[in-house]
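Q: I have a model open and should like to go through it with you. Could we take it piece by piece?

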Amino acid sequence: RYEKLWLMIGVGTLVAFFLLLVYSQYAMGFMPADGHATIDSTKVDQTPPFNQPGVFKKSDKEYEVVLVALAFGFTPNVIEVPVGSTVHFKVTSKDVVHGFEIPMTRVNAMVLPGHVTETSYTFKKPGEYLILCNEYCGVGHHMMMGKLRVT
Ligand code: CUA
């Protein structure tokens with residue numbers, strides 16, 4: 001009865017594909033599938049733009065901030081931009097999963113090793129904002145923070 005055999009092969013193939021799908025989802029973990037650029041987390045220091053973290057003026061009231069997260073801090077640690085600036089953040093991690101949150105704004109993202117997290121925000125209110133890690137990343141997690149001054 002070949003039909004039975006073919007049916008079994010068919011079902012077996014389906015099951016195999018399904019397991020593969022489940023496994024790949026599992027292996028990907030919580031990584032967002034939204035086309036984030038990838039980066040070799042062991043070569044962050046040699047990979048532009050992360051070989052030069054900092055604040056870069058792009059045009060009037062538009063800045064790019066390149067940040068590197070590493071237990072337990074952000075580089076650069078203090079960011080200053082004029083009030084009304086739109087800041088485009090590019091963040092990656094050199095080690096484990098970190099968070100990137102600026103309370104009082106809608107900036108709240110995960111920073112994964114091997115990925116570039118991109119988010120933008122326009123700072124309309126002057127003041128000193130905190131940059132926090134909101135993903136548990138080790139014993140120094142609660143100390144992992146930076147500052148963003150809007151002047
Ligand atoms: Cu980095 Cu928590």
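Q: Along strand E10, which side chains point to one face and are buried, and which point to the other?
A: Gly146, Leu148 and Val150 point to one face of strand E10 (residues 145-150) and are buried, while Met145, Lys147 and Arg149 point to the other and are not. Buried means under 20% relative accessible area, exposed over 50%, and partly exposed in between, with a 1.4 Å probe and protein chains only. Strands (E, at least two residues) and helices (H or I, at least four) are DSSP runs, numbered from the N terminus. In a regular strand the side chains alternate between the two faces of the sheet.

Q: What kind of model is this, and how are the residues numbered?
A: This is a predicted model, in which local features need pLDDT of at least 70 and side-chain atom pairs count only at pLDDT 80 or more, whereas totals for chains, interfaces and linings use all residues. Residues are numbered from 1 along each chain as its sequence is written, and side-chain values use heavy atoms, with hydrogens and water left out.

Q: Back to E10, then. In which sense does E9 pair with E10, and in which sense does E4?
A: Strand E9 (residues 127-132) pairs with E10 in the antiparallel sense over 6 bridges, and strand E4 (residues 78-81) pairs with E10 in the parallel sense over 4 bridges. Two strands pair if DSSP finds at least two bridges between them.

Q: Which residues of E10 stand opposite valine 81 and isoleucine 131?
A: Valine 81 stands opposite valine 150, and the bridge partner of isoleucine 131 is glycine 146.

Q: Let us move to E2. Why is strand E2 described as largely enclosed?
A: Strand E2 covers residues 62-70, and 7 of its 9 residues are buried, so the strand is largely enclosed by the rest of the structure.

Q: How many bridges join E2 to E1, E3 and E5?
A: Strand E1 (residues 54-59) pairs with E2 in the antiparallel sense over 5 bridges. Strand E3 (residues 73-75) is also antiparallel to E2, with 3 bridges. Strand E5 (residues 85-93) runs parallel to E2 and is joined to it by 8 bridges.

Q: What stands opposite glutamate 64?
A: Glutamate 64 stands opposite phenylalanine 56 and also opposite histidine 88 in E5. Further along, valine 68 has threonine 75 in E3 as its bridge partner.

Q: How many residues lie between the strands in the hairpins?
A: The hairpin of E1 and E2 has 2 residues between the strands, and lysine 61 there takes a positive phi near 65°. E2 and E3 also form a hairpin with 2 residues between them.

Q: Is tyrosine 63 buried or exposed, and what does it touch?
A: Tyrosine 63, found in E2, is buried, with a relative accessible area of 10%. Not counting residues up to four places away in sequence, tyrosine 63 touches several residues, including Val55, Phe56, Val81, Pro82 and His88; contact means heavy atoms within 4.5 Å. Tyrosine 63 and proline 82 are 19 residues apart in sequence and 9.6 Å apart in space, C-alpha to C-alpha.

Q: And serine 93: which backbone atoms does its side chain reach?
A: A polar atom of the serine 93 side chain lies 3.1 Å from the backbone nitrogen of aspartate 95, and the side chain reaches the backbone oxygen of valine 96 at 2.6 Å. Serine 93 is in strand E5 and is buried, with a relative accessible area of 0%.

Q: Now the aromatics. How many aromatic pairs are there?
A: The structure holds 5 aromatic pairs. In one of them, the rings of tyrosine 121 and phenylalanine 123 have their centres 4.8 Å apart and their planes at 70°, so the pair is edge-to-face. Phenylalanine 123 and tyrosine 129 form another edge-to-face pair, at 5.1 Å centre to centre and 75° between the planes. Rings of Phe, Tyr and Trp (its six-membered ring) pair if their centres lie within 6.5 Å; planes under 30 degrees apart count as stacked, over 60 as edge-to-face and the rest as tilted.

Q: Which residues make up the aromatic cluster?
A: Phe74, Phe89, Phe100, Tyr121, Phe123 and Tyr129 form one cluster. Phenylalanine 123 counts as buried at 0% relative accessibility, and tyrosine 129 is buried at 11%.

Definitions and conventions:
A polar contact is a pair of N or O atoms within 3.5 Å; within protein, one must be able to donate a hydrogen and the other to accept it, and residues adjacent in sequence count only if both atoms are side-chain atoms.
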